Amino acid sequence: MLRKLLHTALLLLVVLLAHADEKNLDKMVFNAAVVNNLFPQERVYLHFDNTAYYLGETMWFKAYVTEGVKDTPSTLSKVLYVELCAPKAT
């Protein structure tokens, strides 16, 4: 939670310092790179063996965690927890 709050605060600071005119475009790009280096983002991709499953059927999947900008395998996180939820029966 604190990390997300700091990320938002830094992003707001970048926007306030850079403004939106063309003179500050290089500064905006630099500031965005600084924020990305301070708070690298990860993306999680789940690759399933099927598009739908019957109740009780075995589900096979593989998870890929990548660094957001580089789109390369991430070295930041070591463990990924996946919670699979089914819609509630009506």
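Which strand gives the largest share of the nonpolar patch? Strand 1 does, with three residues. I'll come back to that patch. One caution before anything else: this is a predicted model.

Let's start with the overall layout. The protein has two helices and two strands. Read from the N terminus, the order is α-α-β-β. The chain has 90 residues, and 11% of them are buried. The exposed area is about 8300 Å². Carbon and sulfur atoms supply 63% of that area. Now contact range. Take the contacts between residues at least 6 apart in sequence: 36% of them join residues at least 24 apart.

Back to the patch. It covers about 610 Å² of nonpolar surface. The members are Val-44, Leu-46, Phe-48, Met-59, Phe-61, Leu-80, Val-82 and Leu-84. Strand 1 spans residues 42-48. Again, three patch residues come from that strand.

Two of the patch members deserve a closer look, Phe-48 and Phe-61. How many aromatic pairs does the structure hold? One. The ring centres of Phe-48 and Phe-61 are 5.6 Å apart, with the planes at 40°, so the pair is tilted. For the cut-offs: under 30 degrees would count as stacked, and over 60 as edge-to-face. Where do the two rings sit? Phe-48 is in strand 1 and Phe-61 is in strand 2, so the pair ties together parts 13 residues apart in sequence.

Are these two rings buried or exposed? Neither label fits. Phe-48 has a relative accessible area of 32%, so it counts as partly exposed. Phe-61 comes in at 35%, also partly exposed. Buried would need a value under 20%, and exposed a value over 50%.

Next, the segment after strand 2. Strand 2 covers 61-67, and Ser-74 sits in the segment that follows. Is Ser-74 buried or exposed? Ser-74 is buried, because its relative accessible area is 15%. What does its side chain reach? The backbone nitrogen of Leu-76, at 3.1 Å. Now set aside neighbours within four places in sequence. Ser-74 then contacts Glu-42, Val-65, Thr-66 and Glu-67.

Take Glu-67 from that list. Glu-67 lies in strand 2. Its relative accessible area is 15%, so Glu-67 is buried. Which residues does Glu-67 touch, beyond those up to four places away in sequence? Gln-41, Thr-72, Pro-73, Ser-74 and Thr-75. So the Ser-74 contact shows up from this side too, because contact just means heavy atoms within 4.5 Å.

Now to helix 2, residues 25-38. I have three residues to show you here.

First up, Phe-30, which is found in helix 2. Phe-30 has 55% relative accessibility, so it counts as exposed. Its C-alpha lies 9.5 Å from that of Val-14, with the two positions 16 residues apart along the chain counted as separation.

Then Ala-32, again in helix 2. Ala-32 is partly exposed, at 45% relative accessible area. What separates the C-alpha atoms of Ala-32 and Val-14 in space? The distance is 7.2 Å, for a pair 18 residues apart along the chain.

And Val-34, in helix 2 as well. Val-34 has a relative accessible area of 31%, so it is partly exposed. Its partner here is Leu-10, 24 residues away in sequence. C-alpha to C-alpha, Val-34 and Leu-10 are 9.6 Å apart.

To recap. The elements run α-α-β-β. A nonpolar patch of about 610 Å² includes Phe-48 and Phe-61. Those two rings form a tilted pair, because their planes stand at 40°. Ser-74 is buried, and so is Glu-67. In helix 2, Phe-30 is exposed, while Ala-32 and Val-34 are partly exposed. And remember, the model is predicted. That's my part done.

Note on methods:
Residues numbered from 1 in each chain as written. Predicted model: local features only at pLDDT ≥ 70, side-chain atom pairs only at ≥ 80, totals over all residues. Heavy atoms only, no water. Helix = DSSP H or I, 4+ residues; strand = E, 2+ residues; numbered from the N terminus. Buried < 20%, exposed > 50% of the residue type's maximum accessible area, 1.4 Å probe, protein only. Polar contact = N/O pair within 3.5 Å; in protein donor to acceptor, adjacent residues only side chain to side chain. Areas by Shrake-Rupley, 256 points an atom, 1.4 Å probe, with all protein chains shown as cover. Phe/Tyr/Trp six-rings, centres within 6.5 Å; stacked < 30°, edge-to-face > 60°. Patch = residues over 30% accessible without salt bridge, like charges linked within 9 Å, V, L, I, M, F, W, Y side chains within 5 Å. Salt bridge = Lys/Arg side-chain N within 4 Å of Asp/Glu carboxyl O.
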